[in-house]
Amino acid sequence: MFIQEETPMKYVYILESEVNSGRYYVGSTIDLKRRLSEHNSGKSLHTKKFMPWKIKTYLGFSNDTQADSFEAYLKTSSGRAFAKKRL
């Protein structure tokens, strides 16, 4: 019997600052809880100034390439407009 190894999901997430309404951050990780904790403990230079953060939304991908592409898209102007309207 063939047993397929499970590949970890990669999550693309959008954080929203709890102190600066309208301030968002897009990232990706395989461990969402750990990454949120890092953002809220000041370990990320890009998010330190606007902490604490809460998760606005996240999507799980079984394919790293698709996750990376979607993250890159969300960081474009059309991706930001999409996220604002749909996510």
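## Pairing of S1 with S3

In this predicted model, Tyr11 has Gly60 of strand S3 as its bridge partner. The pairing to which strands S1 and S3 contribute is antiparallel and comprises eight bridges. Strand S1 covers residues 10–17, and strand S3 covers residues 53–61.

## The sheet as a whole

Strand S1 is also joined to S2, in this case by six bridges, and these two strands likewise run antiparallel. Val12 stands opposite Ser28 of S2. The result is an open sheet of three strands in the order S2-S1-S3, with antiparallel pairing. Strands S2 (24–29) and S3 stand at the edges; each has a single partner strand, so one side of each lacks a neighbour in the sheet. On average, and with direction ignored, neighbouring strands of this sheet are turned by 20 degrees against each other.

## Order of the elements

The protein chain contains three helices and three strands. Read from the N terminus, its elements follow the pattern β-β-α-β-α-α. Along the principal axes, the C-alpha atoms of the protein chain fill a box of roughly 55 × 30 × 20 Å.

## Backbone details in the connections

Most residues other than glycine have a negative phi, and most peptide bonds are trans. Two places in the backbone may be read against that background. In the hairpin of S1 and S2, six residues lie between the strands, and Gly22 adopts a positive phi near 90 degrees.

The second place concerns the peptide bond from Met51 to Pro52, which is cis, with omega near 10 degrees. Pro52 belongs to the loop between helix H1 (32–40) and strand S3.

## Helices H2 and H3

Helix H2 (residues 64–74) lies across S1, S2 and S3, and runs at about 25 degrees to S1. Helix H2 also packs with helix H3, at an angle of about 90 degrees and with the axes 6 Å apart. Angles of 65 to 115 degrees count as roughly perpendicular, and H2 and H3 are therefore roughly perpendicular to each other.

On the H2 side, this contact is made by Phe70, Tyr73 and Leu74; on the H3 side, by Ser78, Gly79, Arg80, Phe82 and Ala83. By class, the residues of the contact of H2 with H3 comprise five nonpolar, two polar and one charged.

## The largest pocket

Rolling a probe the size of a water molecule over the atoms shows where empty space is left. In this model, the largest pocket holds about 240 Å³ of space. Its lining consists of Ile14, Tyr24, Tyr25, Val26, Lys56, Leu74, Lys75, Gly79, Arg80, Ala83 and Lys84.

Strand S2 and helix H3 (77–86) each supply at least two residues of this lining. The largest share, four residues, comes from H3. In terms of class, the lining of the largest pocket has six nonpolar, one polar and four charged residues. Leu74, Gly79, Arg80 and Ala83 are among the lining residues of the pocket, and these residues are also among those that make the contact of H2 with H3.

Notes
Residues are numbered from 1 along each chain as its sequence is written. This is a predicted model: local features need pLDDT of at least 70, side-chain atom pairs count only at pLDDT 80 or more; totals for chains, interfaces and linings use all residues. Side-chain values use heavy atoms; hydrogens and water are left out. Two strands pair if DSSP finds at least two bridges between them. Axes are lines fitted to C-alpha atoms, for helices over the stretch in contact, and angles run from 0 to 180 degrees between N-to-C directions. Contact means heavy atoms within 4.5 Å. On a 1 Å grid over the protein atoms alone, a cavity is a set of points where a 1.4 Å probe fits but cannot get out, and a pocket is an open set with protein on both sides within 12 Å along at least five of seven lines; lining residues have an atom within 4 Å of a point. Grid points are joined across faces, edges and corners, and a volume is the space filled by probe spheres set on the points. Ala, Val, Leu, Ile, Met, Phe, Trp, Tyr, Cys and Pro count as nonpolar, Asp, Glu, Lys and Arg as charged, and the others, Gly among them, as polar. Angles under 35 degrees count as roughly parallel, over 145 as roughly antiparallel, 65 to 115 as roughly perpendicular and the rest as oblique.
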